Amino acid sequence: MDSTFVKCAFAALTALTITTTAASAVEQNCRFIREKPDREACYKRQEEQLAARRKPAPATDEGRTLETLRQLRQDDDAVYRSISNICRGC
C-alpha cells in the first residue's frame with residue numbers, strides 16, 4: 001500500500017474520532033456541573049438545541065407544489081378524455 005494513502009487515512013480517522021468525542025462530551029457535560037441552577041440551565045440549552053435540530057425545514061416551494069398539482073390534474077383530464085373516445089366492444 002502507498003504510505004501517503006495510509007497517512008491520509010490515519011489523519012482522517014483521527015480527526016473523525018476527535019470530533020465525535022468532542023460532540024458527545026458536549027452533550028454529557030451537564031451532569032458534572034455541581035450547582036443545580038447552572039446544571040438546569042445547561043440541560044435547558046441542550047433541549048433547545050435538540051429541538052432546533054429536530055424542527056423540520058419550512059416549506060418554501062408551496063407555489064411550485066400547487067403548480068405541479070395543477071399540471072397533474074390537466075394531464076389526468078387529457079387521459080380521461082382520450083379514454084372516453086375508445087369504443088369498448090361496440
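Me: Which residues form a nonpolar patch on the surface?
Reply: Happy to start there, and bear in mind that this is a predicted model. The patch has about 380 Å² of accessible area, counted for its residues together. Its members are Val79, Tyr80, Ile83 and Ile86.

Me: Is Ile83 buried, partly exposed or exposed, and what is its relative accessibility?
Reply: Let's place the residue before judging it. Ile83 is found in helix α3, which covers residues 62-84. Partly exposed is the class between 20% and 50%, so Ile83 counts as partly exposed, at a relative accessibility of 34%.

Me: What pattern does the protein follow along the sequence?
Reply: Good one to ask early! The protein has three helices and zero strands. Read along the sequence, that gives the pattern α-α-α.

Me: How many salt bridges does a search of the whole structure find?
Reply: We can go through them by helix. In helix α2, Lys36 forms a salt bridge with Glu40, with the closest N and O atoms 3.9 Å apart. In helix α3, the side chains of Arg70 and Glu67 meet in a salt bridge, at 3.7 Å from N to O. The search of the whole structure gives a count of two.

Me: How far along helix α2 are Lys36 and Glu40 from one another?
Reply: Both residues of this salt bridge lie in helix α2. Lys36 is exposed, at 51% relative accessibility, whereas Glu40 is partly exposed, at 44%. Along the helix they are four residues apart, about one turn.

Me: And how many residues apart are Arg70 and Glu67?
Reply: This pair belongs to helix α3, and its spacing is about one turn of the helix. Glu67 is partly exposed, with a relative accessible area of 43%. The separation of Arg70 and Glu67 is three residues.

Me: Which residues does a disulfide join?
Reply: The rule asks for two cysteine sulfur atoms within 2.5 Å. Here the S to S distance is 1.7 Å, so the pair passes that cut-off. The count comes to one disulfide, and it joins Cys30 to Cys42.

Me: How many residues apart in sequence are the parts that this pair ties together?
Reply: Cys30 lies in the loop between α1 (3-28) and α2 (36-54). Cys42 lies in helix α2 itself, so the link connects a loop with a helix. In sequence, the parts tied together are apart by 12 residues.

Me: What handedness does the link of Cys30 and Cys42 have?
Reply: Here the angle to look at is the one about the S-S bond. That angle is -70°. The link is therefore described as left-handed.

Me: Are Cys30 and Cys42 buried or exposed?
Reply: Residues under 20% relative accessible area count as buried. Cys30 has 0%, and Cys42 has 6%. Both values fall under the cut-off, so the class for Cys30 and Cys42 is buried.

Me: What distance separates the C-alpha atoms of Ala41 and Cys30?
Reply: Ala41 has its place in helix α2, and at 32% relative accessibility it counts as partly exposed. Along the chain, Ala41 and Cys30 are 11 residues apart. Their C-alpha atoms are separated by 8.8 Å.

Me: To finish, what share of the residues of the protein count as buried?
Reply: Let's look at the whole protein. It exposes about 8500 Å², with carbon and sulfur atoms supplying 59% of that area. Of its 90 residues, the share that count as buried is 3%.

Technical notes: Residues numbered from 1 in each chain as written. Predicted model: local features only at pLDDT ≥ 70, side-chain atom pairs only at ≥ 80, totals over all residues. Heavy atoms only, no water. Patch = residues over 30% accessible without salt bridge, like charges linked within 9 Å, V, L, I, M, F, W, Y side chains within 5 Å. Areas by Shrake-Rupley, 256 points an atom, 1.4 Å probe, with all protein chains shown as cover. Salt bridge = Lys/Arg side-chain N within 4 Å of Asp/Glu carboxyl O. Helix = DSSP H or I, 4+ residues; strand = E, 2+ residues; numbered from the N terminus. Buried < 20%, exposed > 50% of the residue type's maximum accessible area, 1.4 Å probe, protein only.
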